[in-house]
Amino acid sequence: MTDNDLIPHAQTLLRQNDAGGFTKPSPTQYPHLWNWDSALIALGLAHFDLPRAFAEIRTLLSAQWRDGMVPHIIYPHGASDYFPPPEFWQTAGLPHGGDVPSSGLTQPPVLATILRKIIEANPDCTTQNATELLQFAHAIFKWHKWLHTARDADGSGLPCLIHPWESGTDNSPRWLHALDAVTPGELPPFKRKDMQHVATDERPRPQDYERFVHLINTGRQLKWEHKPLLDEMPFLVQDAMFCAILHRADEDLLWLAQTLAQPKAICQEVEGWLARTRAVFDARFWDEERGLYLDYDLRAGGRIPVNTIATFVPLLAGLPDAGKAARLVQEHLRNADEYAPGENSAFGLPSAAKNEPLYAPRRYWCGPVWIQMNWLVSEGLRRYGYTAEADALVRDALALVRREGFREYYDPRDGSGCGAKQFSWSAALAIDWLMRGNKEIREEK
Ligand code: 9WN
């Protein structure tokens, strides 16, 4: 596929995956609305159908819980052949829940960042869509506040995650040790559906999936109430990538509040979150010896010593100082034993370091290249002036979709497509790169 074909193909795919007000991440594997998928999809849609991009965000936020959480899976049309179905979560009728069937978890809060990008590219919408933008900004403020408070387990204001699915990187090797420590008790009857459309060796291992289900079961026994969840969930982590995405989103929310002339008190509250995160982030996540950001296991009480793609995401939020950013790039991103293309890989960016014991180049989150990760990390690299590295990630991502189509992820060794097909955010982000008009990243690999 050439770039001229790529844009119409990607647009057609998004139209085909349109379920009426929201876009399925993939028509077979993921037939509902996923939180960060929809935000990233809205960015692609905004390049050719701004009203449809607004509709995507509207549907996502319509499922917000009364306590502020914006759920990770939303089932506007009810059940399908996806497991877990809506009733499995037991979220219906919760006093602090929402009015649309949903999961009891959340996902990386990329929405404020995406909304800012959409507004910057379409400045007229601040007058034309002023009322709705204010509603969006208020909903996002409530969500971020919930993350900084209801999910604050140690007084730091850094949110913690109660299930690997909240990280968006479900079975990343960074979670597998913490998951091993979870004993799956008696599980409610369930039948995995995720291997109907995707090869077994490209999906999470059975022992990990059992623990995913056990954690959902624990959440529903605790009625998804914040305090008991923080006290009792056997999996409780602070994710460097999630916290960095939130910090960047707080910056973009502040911009939004200022652009929409919101009261000073709102802006000051967001500034407070920004200052707090800056004060604690490195102390919690930075490993000076290894020159890496590492996640923190609150149950085990220590950093998780696993080198994954999450280490680069703080660049997106401007959190590392120039010295730490240089170490991330020189010692890791450019290192062919870990992430750089070399003898054992041809495409960046593997989702786990190639020399990690649990690295697996075709298994979900254990090594494959993901288009949205190349998008996030390239944005971060640009923020620090690492333009050549950023361009290389975009070039690789575009080469993969050109050769293999819009897949969920790709084998970094030969670029072969894996996981679900007709994948929406892979199409949406290709549209974003190509329609932004960045010439140098279009060259063929
Ligand atoms: C569980 C939809 C989602 C993405 C996640 C990805 C995967 C779900 C699954 O698919 O998770 O939420 O069933 O594996 O890990 O990032 O949002 O694309």
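Q: Which residue in E7 is the bridge partner of Tyr296?
A: The bridge partner of Tyr296 in E7 is Arg303. The model is a predicted one, in which local features need pLDDT of at least 70 and side-chain atom pairs count only at pLDDT 80 or more, while totals for chains, interfaces and linings use all residues. Residues are numbered from 1 along each chain as its sequence is written, and side-chain values use heavy atoms, with hydrogens and water left out.

Q: Why are strands E6 and E7 said to pair?
A: Two strands pair if DSSP finds at least two bridges between them, where a strand is a DSSP run (E) of at least two residues and a helix one (H or I) of at least four, each numbered from the N terminus. Strand E6 (residues 296-297) and E7 are joined in the antiparallel sense over two bridges, so the requirement is met.

Q: What makes E3 and E7 edge strands?
A: The open sheet of three strands has the order E3-E6-E7, with antiparallel pairing. Strand E3 (237-238) and strand E7 (302-303) each pair on one side only, and this marks them as its edges.

Q: How do you know that Trp36, His72 and Asp170 make polar contacts with the ligand?
A: A polar contact is a pair of N or O atoms within 3.5 Å. An oxygen atom of the ligand is 3.1 Å from an N or O atom in the side chain of Trp36, and the corresponding values are 2.9 Å for His72 and 2.7 Å for Asp170, so each pair meets that limit. The protein covers 99% of the 420 Å² of accessible area that the ligand has on its own (Shrake-Rupley method, 1.4 Å probe).

Q: Which residues come nearest to the ligand, and how does its shell divide?
A: Around the ligand there are 16 residues, of which Asp37, Tyr82, Gly168, Asp170 and Tyr364 come nearest; a residue is near if one of its heavy atoms lies within 4 Å. The shell divides into 10 nonpolar, three polar and three charged residues; Asp counts as charged, Tyr as nonpolar and Gly as polar.

Q: What makes the bond between Phe83 and Pro84 a cis peptide bond, and where does Pro84 lie?
A: Omega is about 0 degrees for the cis peptide bond that joins Phe83 and Pro84, and Pro84 lies in the loop between strand E2 (73-74) and helix H4 (111-121).

Q: What is notable about phi of Lys223?
A: Lys223 has a positive phi of about 55 degrees although it is not a glycine, and it is found in the loop between helix H8 (206-221) and helix H9 (226-232).

How values were computed: Polar contact = N/O pair within 3.5 Å; in protein donor to acceptor, adjacent residues only side chain to side chain.
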